[in-house]
Amino acid sequence: MTRQLDPLFDPSSLAIVGASPDSWYSSRITDNLLSYGYDGDVYLVNPNREEAWERPCYDTVSDLPEVVDLVVVVVPREHVVDVVRESGEVGVPAALVITTGFSEADERGAELEADLEATAADYDISVAGPNCIGLANAQAGTVLTGLCSRKPEPGNIGLASQSGALSFATFYENAADEDTHFSHVVSTGNEVDQSLADYVEYMAADPDVDVICTYIEGVTEPRRFIEVAREAVATGTPVLAVKVGSSDVAQAAAESHTGSLTGNDAVWDAAFGQAGIERVPDIPDLTTRAQAHAAFDPPDSRRVCVASTSGGLATLLADLAEERGLDLPQLAEDTEDSLLEMDDLLTFGELRNPVDIRAAGAEVLTEVADVLFSDDNFDAYVFGIGLSMVDEDADAIADRLLELGEMTDDPVIFLWTGRKEPDELEDPQPYERVRAEYPLYYEPTKSIDALASLVNFDEARDRLVGRPPFELDGASDSDLPSDSTLTWERATTLLEDYGLDLPTTRSAGSSEEAARYTGQIGAPVVMKVDSPDIAHRNQVGAVRVGVDSPAAAQRAYEEIVANVFEHDSEATIEGVLVQEMVESGVEALVGASQDPNLGPVVTVGSGGTQVEALQDTTHLIAPFGKGDAYGALKRTDIPARFEHEFGPEASLDSLANLITKVGNLVATHRDIAELDLNPVMVRPERSVCVDAYVRTD
């Protein structure tokens with residue numbers, strides 16, 4: 001359970017341990033804290049000085065006249081644990097450790113970090129860091145960082161960054177340049193105690209935080225982070241993430257289709273998608289999309305109206321909107337008529353959505369907007385201005401945009417693409433007046449991405465409401481053999497325990513048995529070897545399809561055994577399977593593996609012998625519900641292939657059920673390293689696991 005972080009972000013009193021005008025970083029922290037308006041009690045601890053900043057210096061935390069809420073630790077690494085221990089002994093609830101040189105540095109640093117972690121636990125003191133740049137709570141006036149060149153103005157965007165320098169020198173400073181303001185900024189450091197998940201959970205509970213941005217390098221508590229973020233989204237707080245490290249690919253198991261198709265980054269994408277976290281490509285995308293969330297409630301639908309002073313810009317915006325799944329319905333007839341009747345618009349013949357109001361339309365923006373806002377076909381708007389942002393005309397445009405923003409409660413995205421550098425500097429420039437009140441975008445892609453982010457969040461929130469927690473139950477005691485490839489009999493017993501549909505199968509130990517079982521099951525049958533040493537039967541000639549008589553089954557048995565021994569003379573053969581030949585359908589792959597970070601992962605996609613070539617797969621973090629299974633299917637070609645085969649009314653319900661059951665299986669049996677059901681033969685009435693490969697740790 002997360003310990004209360006108010007003493008860290010909103011302390012009523014604090015001590016800076018190691019404060020010295022001679023220390024570059026501690027002096028900057030102290031200067032910023034005192035000059036940016038913190039109104040709590042500030043104490044300085046430095047046994048080598050009598051005073052600094054016209055304040056007395058105390059020798060130790062124990063010498064302070066009161067028990068402070070927070071100690072800010074800026075001392076050499078050898079002394080950090082002692083300072084935190086002493087603080088815990090006197091009852092200080094929180095510590096912010098700026099000091100570097102821990103596990104990121106060397107073996108000695110790792111030892112000190114382990115001691116710091118143990119000390120935090122022993123004294124129940126919440127520790128942020130070490131090796132962090134600090135934090136700021138603009139709502140409370142707490143600024144505890146040396147990399148903040150101006151006083152933060154309070155906003156409604158929370159930021160938790162695992163990069164220290166990026167948190168303030170890049171995120172904060174660049175956003176402030178654009179009149180975008182944060183409520184909280186925290187550099188998480190090495191997360192010896194408080195983690196990224198803790199900060200997201202804390203910010204999501206703060207009514208002043210409308211959206212949370214995260215910069216992620218690696219997550220110490222992956223499952224908990226995903227669950228905390230999922231809960232934030234479900235309760236109305238968007239979570240946006242830049243996740244670096246996409247080039248790292250998890251080790252693939254050579255035997256399994258699933259293992260070769262599951263990469264580490266693909267698994268993170270799956271986890272983010274299930275939790276409703278929006279993954280964004282770069283730092284500017286975080287702030288531009290967060291601006292929209294801080295300014296607007298999501299629209300009621302995907303229906304967007306685009307209007308621009310440039311026909312080319314209008315068309316580009318429309319293309320971008322459609323690429324992102326936004327709808328552009330046409331203008332109502334009376335809307336089109338009203339616009340065509342406006343004398344100030346240079347329009348001829350007809351108007352469509354996107355609406356080209358031409359440059360002359362800048363003169364009557366509010367009149368145009370009033371007509372468009374009255375059209376019930378739209379729930380969000382994009383106004384693209386392809387004119388200068390800094391000349392005399394821009395002043396009038398800025399006035400109209402500010403007035404326009406007050407005319408509706410629907411999201412209105414302003415894109416202004418013209419000149420930004422004036423011949424003579426004035427303060428403020430016209431576009432800056434708009435930017436101070438509303439999100440303002442300069443790039444078409446960024447503007448449409450921001451609007452799409454609003455829409456997608458609303459849909460993710462609706463999807464997650466009422467979903468069970470994203471948590472793993474305790475793993476069951478397993479009777480599966482360890483470090484083994486399961487025989488067909490053992491694998492199918494396991495699969496049947498979870499309600500998976502399997503074809504009628506017998507295991508023949510001789511050609512005579514193969515013939516007898518073929519007669520019992522009914523020809524035609526499928527025959528294949530059951531061997532822990534043969535993962536891909538087709539590749540060694542160990543499968544026969546359409547065996548149409550007992551005599552053919554005898555011959556097939558002998559051929560299969562001979563081919564296996566030719567491939568591997570030491571192979572163990574448990575038998576040759578004689579299997580009901582399932583009626584043809586759409587071939588799917590349902591597999592599972594264990595991700596080192598996120599645990600059991602289910603892979604879904606088009607199946608058959610060409611599965612690697614098709615690369616039509618997506619992933620789910622187990623366990624999950626049937627709705628998630630349907631969502632995964634929609635990200636593959638299976639629905640289109642299924643509709644082509646069986647018609648638009650045919651249901652994929654049986655496959656969604658099967659996928660959900662596989663998720664429950666591997667979430668419970670976490671000793672299953674690889675599970676490969678390929679193909680699953682999918683028909684409207686049933687989805688049958690024609691083949692199964694199961695390997696345990």
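The following exchange between a trainee and a mentor looks at cores and helices in a predicted model.

Residues are numbered from 1 along each chain as its sequence is written, and side-chain values use heavy atoms, with hydrogens and water left out. Because the model is predicted, local features need pLDDT of at least 70 and side-chain atom pairs count only at pLDDT 80 or more, while totals for chains, interfaces and linings use all residues.

Trainee: Which helix gives the most to the largest nonpolar core?

Mentor: A nonpolar core is a set of buried Ala, Val, Leu, Ile, Met, Phe, Trp, Tyr and Cys residues joined through side-chain atoms within 4.5 Å, where buried means under 20% relative accessible area and exposed over 50%, with a 1.4 Å probe and protein chains only. The largest such core has 82 residues, and those touching the most other members include Leu 8, Phe 225 and Ile 226. Helices here are DSSP runs of H or I with at least four residues, strands are runs of E with at least two, and both are numbered from the N terminus. With seven residues, the helix that gives the most to this core is H7.

Trainee: How many residues does the other core, lying apart from it, have?

Mentor: Among the members of this other core are Leu 494, Ala 592, Val 666 and Val 694. Its number of residues is 40.

Trainee: Which residues in H18 are buried, and on how wide an arc around the axis do they lie?

Mentor: The buried residues of H18 are Ser 511, Ala 514, Ala 515, Tyr 517 and Thr 518, whereas Gly 519 and Gln 520 are exposed on the other side of H18. What covers the buried residues includes strand S20 (505-508), strand S21 (525-530) and H19, contact meaning heavy atoms within 4.5 Å. Taking the directions from the helix axis to the C-beta atoms, the buried residues are on the same side of H18, because they cover an arc of only 165°.

Trainee: At what angle do H18 and H19 pack?

Mentor: Axes are lines fitted to C-alpha atoms, for helices over the stretch in contact, and angles run from 0 to 180 degrees between N-to-C directions. The axes of H18 (residues 511-521) and H19 (residues 550-567) are 8 Å apart, and the angle is about 140°.

Trainee: Which face of H12 carries exposed residues?

Mentor: In H12 (residues 333-340), Thr 335, Glu 336 and Leu 339 are buried. These residues fall within an arc of 95°, so they line one face of the helix. Glu 333 and Asp 334 are exposed on the face turned away from the buried side.
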